[in-house]
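I opened my notebook on this structure today. These entries follow what I looked up, topic by topic.

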Amino acid sequence: MSSVMRYPERILPWCLIALLLCSASCKNNRTTYHIREFPPTTIFDSVVDMTPAYAKGFKVRYLSDGTPLIDIANPQDSISEENDTLRLALIRKGHSTENVPAGYRCFNVPIRGAVCTDLTQISFFIGLDSVHIIKGVPSPQSQHAEQINDFVKSGDIQIIGTMRSPDIDAIRRLGADIVLVAPPLIGDKRLSDLPSTTIPVYCNLERHPLAQAEWIKLIAMLIGKETAGSDFFGKAEQHYNEASYSILEVNDRPTLVLYKDNGFLKEPINTDALMEQIIGDAGAIIRHPATAAGTSSKGSAMIEAYWQPEGKSGMLSFEETIPVAPDVLIRDLISIVHPEVIPKDSVWERRFFHPK
């Protein structure tokens, strides 16, 4: 992967949360942060419009009876007639397949069982309050989210190997309706031979935090929770944009320099498009450590953030929750670099990082 969240380390979330423990020399004047509620938009009698506004990796259009047609492809490429685009027609109970265009595979929804081959996919089921649909997850790099651990302990969720090397036989035994596949496993012939439908999930390759979060709409369509998915994302979008708009008139932009601390020396962490987008929206400037010297603007602060590997604290797993919470993350970041705009009231629970 080039200019996006890299697999399997996923530097982006770890780097961003580092900033939650950094300090900035700003005034701490409390301001009001407004949250507005709004209903989902419907385009048919009971069909919520799930057309993505930010995500580039999937498209949605509807037949006259409301049947969704889904095109899924790498967001770094254009969705076209190429063979690497998956095309699904989601058939609800009682709907006909007669008008489904050629080239689309008819797939009955809602599903009742799914396997996640990547930890970040879990976040969508957590956001939709549907963890019970997950039948298998990879062995965690760190601590699983509390809800996942409870199901693993009860045996309702099985461990299916690792993200880099899934246990195909274990996945096959689960008999789930779908297997969600993320890079670099997309195209792995072992997975394509499964009786379950394999669905590629490219959220990690999206270039905007709201585009990554918007993949919750696809999962919502598969499990029959369109209203919940639309409402969940709509609120995240509203709150993210309100937070980013709050710093538009702020002149000083702190320069952030990110490092990884392995206990012996500090190693620079490279930035990518997704990281730069959310840091910029939070009112800061991201710089590579090697070129950081002398790059901060006049009067602005230079902040160094350090990552340390996570210990077994038993708290919620950051990696398994943050993809659907960009609004929480940007609010936390602004409260660090611009507490005069949003008070320093960070809501994230994990403490993986420390300032130097």
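**Entry 1: Thr117**

I started with the accessibility of Thr117, which is buried, with a relative accessible area of 2%. The model is predicted, so I kept in mind that local features need pLDDT of at least 70. Next I looked up where Thr117 sits: in the loop between strand 5 (114-116) and helix 2 (122-127). What does the side chain of Thr117 reach? I found the backbone oxygen of Leu180, at 2.6 Å.

**Entry 2: the sheet with strand 2**

I then turned to the open sheet of four strands, ordered 1-2-3-4, with mixed pairing. Which strands stand at the edges? They are strand 1 and strand 4 (105-108); each has a single partner strand, so one side of each is left without a neighbour in the sheet. I noted the turn between neighbouring strands here as 30° on average, direction ignored.

Strand 2 (residues 68-72) got a closer look. I counted it as mostly covered, since five of its five residues are buried under the 20% relative accessible area cut-off. I sorted them by direction. Pro68, Ile70 and Ile72 point one way, while Leu69 and Asp71 point the other way.

I checked both partners of strand 2. Strand 1 (residues 58-62) pairs with strand 2 in the antiparallel sense, over five bridges. There I found Val60 opposite Ile70. The hairpin of these two strands has five residues between them, and Gly66 takes a positive phi near 90°. On to strand 3 (residues 86-91): four bridges join it to strand 2, and the two run antiparallel. I located Leu69 opposite Ala89. I also listed Leu86 of strand 3 as the bridge partner of Ile72.

**Entry 3: the parallel sheet**

I looked up the other sheet next. Five strands form it, open, in the order 7-6-5-8-9, and the pairing is parallel. Strand 7 (158-159) and strand 9 (197-200) stand at its edges, each with a single partner strand, so one side of each has no neighbour in the sheet. I checked strand 7 against strand 6 (residues 134-137): they pair in the parallel sense over two bridges. Gly136 stands opposite Gln158 there.

**Entry 4: nonpolar cores**

Which residues touch the most other members of the largest nonpolar core? I got Phe125, Trp215 and Leu222, out of 73 residues in that core. Helix 7 (residues 216-223) gives the most to this core, with seven residues. Apart from it I found another core, of eleven residues, including Ile168, Ala170, Ala176 and Leu185.

I pulled the contacts of Trp215, leaving aside its neighbours within four places in sequence. My list reads Ala55, Gly57, Phe58, Ile72, Phe124, Pro200, Val201, Tyr202, Cys203 and Glu206. Two of these names tie back to earlier entries. Ile72 is one of the buried residues of strand 2, and Pro200 falls within strand 9 (197-200).

**Entry 5: helix 9**

I closed with helix 9 (residues 273-281), where Leu274, Met275, Ile278, Ile279 and Asp281 are buried. On which side do they lie? They cover an arc of only 165° around the axis, which puts them on the same side of helix 9. I set the general rule beside this: an α-helix has 3.6 residues a turn, so residues three or four places apart point the same way. Just after helix 9, I noted that Gly283 takes a positive phi of about 90°.

Technical notes
Residues numbered from 1 in each chain as written. Predicted model: local features only at pLDDT ≥ 70, side-chain atom pairs only at ≥ 80, totals over all residues. Heavy atoms only, no water. Core = buried A, V, L, I, M, F, W, Y, C linked by side-chain atoms within 4.5 Å. Buried < 20%, exposed > 50% of the residue type's maximum accessible area, 1.4 Å probe, protein only. Contact = heavy atoms within 4.5 Å. Polar contact = N/O pair within 3.5 Å; in protein donor to acceptor, adjacent residues only side chain to side chain. Pairing = 2+ DSSP bridges. Axes fitted to C-alpha atoms, helices over the stretch in contact; angles between N-to-C directions. Arc of directions from axis to C-beta.
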